[in-house]
Amino acid sequence: MTFTQLEVLLAVVDAGSFSKAADALAMSQPGISHAIASLEAEFGVTLINRSRTGITLTGIGEKIVARIREMLHQRELIAQEIALETGLHTGALFIGSFPSILARWLPRLLRSFQSAYPGIDLKVKEGSYEEIEGWLAAGTVHLGFITLPAKQLESVALVQDEMVALLAPDTLSPSGVRHGITMGELARLPFIMPIAGCQTLIGDLFDCAKCHPHVQFEIRESATIVNMVREGIGASILPRMALPQHMDGVQVASLAPSPVFREIGLAVRSLSLASPAARAFLQFAKRWVQENDVAAPEPTA
């Protein structure tokens, strides 16, 4: 058994196919197949089920892959600690992020971090809140942007993002927009529920107001939700960071009686066990957010 064979196995699992793993590792597909077959022969068990629709892990394969991730992670930690002792920051850092962060300010943060730490190789994977928490728990990513509080994870808070109501142009008078709209008022309108991660928070807001939304549509893409509101199909709630820059034909109102915010943070499985590269990114990100204006601007009509 070699580390290369183990890395090949993880690449196949993460890519979902032998051919995609071969592309990711710049290896031939027969080379990938041989590495997996050699591992299975050495272990005496089948790790991967092959079919025309793709690959799946066997029961023992799932258990072994979890151990392999931890083994390779520990090897990476050793290499990073040695590099840090000699004054260098090295290593690969996998980061999970949800779309609105990627669209707004994460590219600027990544560019600044790479300028400060050129020896650290950053890789970003986009997903929903739930997917990112799952990736963190499984060790697929080392760090993840999530909304706080984090379940069974350790985190640092970064920024607050206001949750706002999206309404058709004639729903509220200009004075009404300035004063906001209550959850009770939203409950009387056809509602478009976002399903990219905010639905839990939105559901909690309605529950706290002791009312229930009249959900007629469940939509993942923020741009689609904005267009549907513009056409008068219904109202919705989105974070300001998820809004496009131009919101012509859509009213944006704060929630009443007081604005509501989601808190965005960076999470790891354990702050004390985080790698030197992960610790460097956590510290850098917190300082960078404090020094830069990352709050979502007011959209223009």
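Here is a friendly conversation between a student and a tutor about a predicted model of one protein chain.

Student: How many helices and strands does the protein chain have?
Tutor: Let's start with the overall build. The C-alpha atoms fill a box of roughly 70 × 50 × 30 Å along the principal axes. Within it, the protein chain has 12 helices and 12 strands.

Student: What share of the residues of the protein chain count as buried?
Tutor: A residue is called buried when its relative accessible area is under 20%. The protein chain has 301 residues, and the share of them that count as buried is 45%.

Student: Of the contacts between residues at least 6 apart in sequence, what share join residues at least 24 apart?
Tutor: Contact here means heavy atoms within 4.5 Å. Take the contacts between residues at least 6 apart in sequence; the share joining residues at least 24 apart is 72%.

Student: What part of the exposed area do carbon and sulfur atoms supply?
Tutor: The protein chain exposes about 15300 Å². Of that area, the part supplied by carbon and sulfur atoms is 54%.

Student: How far apart are the mean positions of the positive and negative charges?
Tutor: The protein chain carries 24 positive and 30 negative charges. Take the mean position of each set, and the two points are apart by 1 Å.

Student: Which residues form a nonpolar patch on the surface with Met1?
Tutor: Met1 sits in the segment before helix 1, which covers residues 3-15. The patch has about 280 Å² of accessible area together, and the partners of Met1 in it are Phe3 and Met71.

Student: Is Ser33 buried, partly exposed or exposed?
Tutor: Ser33 belongs to helix 3, residues 29-43. In space, its C-alpha is 7.1 Å from that of Phe18, a residue 15 places away in sequence. The relative accessible area of Ser33 is 30%, so Ser33 is partly exposed.

Student: Which residue meets Glu40 in a salt bridge?
Tutor: Glu40 lies in helix 3, and its partner lies in strand 1 (residues 48-51), 10 residues apart from it. The N to O distance is 3.2 Å, and the partner is Arg50.

Student: Of Glu40 and Arg50, which counts as buried?
Tutor: Compare each value with the cut-off for buried, which is under 20%. Arg50 has a relative accessible area of 43%, so it is partly exposed. The other residue has 14% relative accessibility and therefore counts as buried: Glu40.

Student: How many residues apart are Arg262 and Asp161?
Tutor: The side chains of Arg262 and Asp161 meet in a salt bridge, 2.9 Å from N to O. Arg262 is in strand 12 (residues 260-268) and Asp161 in strand 6 (residues 154-167), so the pair links distant parts of the chain, and the separation in residues is 101.

Student: Are Arg262 and Asp161 buried or exposed?
Tutor: Arg262 has 4% relative accessibility, so it counts as buried. Asp161 has 2%, so Asp161 also counts as buried.

Student: Which residue does Arg240 meet in a salt bridge?
Tutor: Arg240 lies in the loop between strand 10 (236-239) and strand 11 (251-256), and its partner is in strand 6, so the pair ties together parts that are 78 residues apart in sequence. Both residues are buried. With an N to O distance of 3.0 Å, the partner is Glu162.

Student: Where does Pro149 lie?
Tutor: Pro149 follows a cis peptide bond from Leu148, with omega near 5°. As for its place, Pro149 lies in the loop between strand 5 (143-147) and strand 6.

Student: What is omega for the peptide bond from Ala256 to Pro257?
Tutor: Pro257 is found in the loop between strand 11 and strand 12. The peptide bond from Ala256 to Pro257 is cis, with omega near 10°.

Student: Is Lys210 buried or exposed?
Tutor: Lys210 lies in the loop between helix 10 (199-208) and strand 9 (214-219). It has a positive phi of about 55° although it is not a glycine. Its relative accessibility is 76%, so Lys210 counts as exposed.

Student: Leaving aside neighbours within four places in sequence, which residues is Thr58 in contact with?
Tutor: Thr58 lies in the loop between strand 2 (54-57) and helix 4 (59-85), and it is buried, with a relative accessible area of 13%. The C-alpha atoms of Thr58 and Ile48 are separated by 5.6 Å, although the two are 10 residues apart along the chain. The residues in contact with Thr58 are Thr46, Leu47, Ile48 and Asn49.

Methods. Residues numbered from 1 in each chain as written. Predicted model: local features only at pLDDT ≥ 70, side-chain atom pairs only at ≥ 80, totals over all residues. Heavy atoms only, no water. Helix = DSSP H or I, 4+ residues; strand = E, 2+ residues; numbered from the N terminus. Buried < 20%, exposed > 50% of the residue type's maximum accessible area, 1.4 Å probe, protein only. Areas by Shrake-Rupley, 256 points an atom, 1.4 Å probe, with all protein chains shown as cover. Lys, Arg positive; Asp, Glu negative; His and termini not counted. Charge placed at Lys NZ, Arg CZ, Asp CG, Glu CD. Patch = residues over 30% accessible without salt bridge, like charges linked within 9 Å, V, L, I, M, F, W, Y side chains within 5 Å. Salt bridge = Lys/Arg side-chain N within 4 Å of Asp/Glu carboxyl O.
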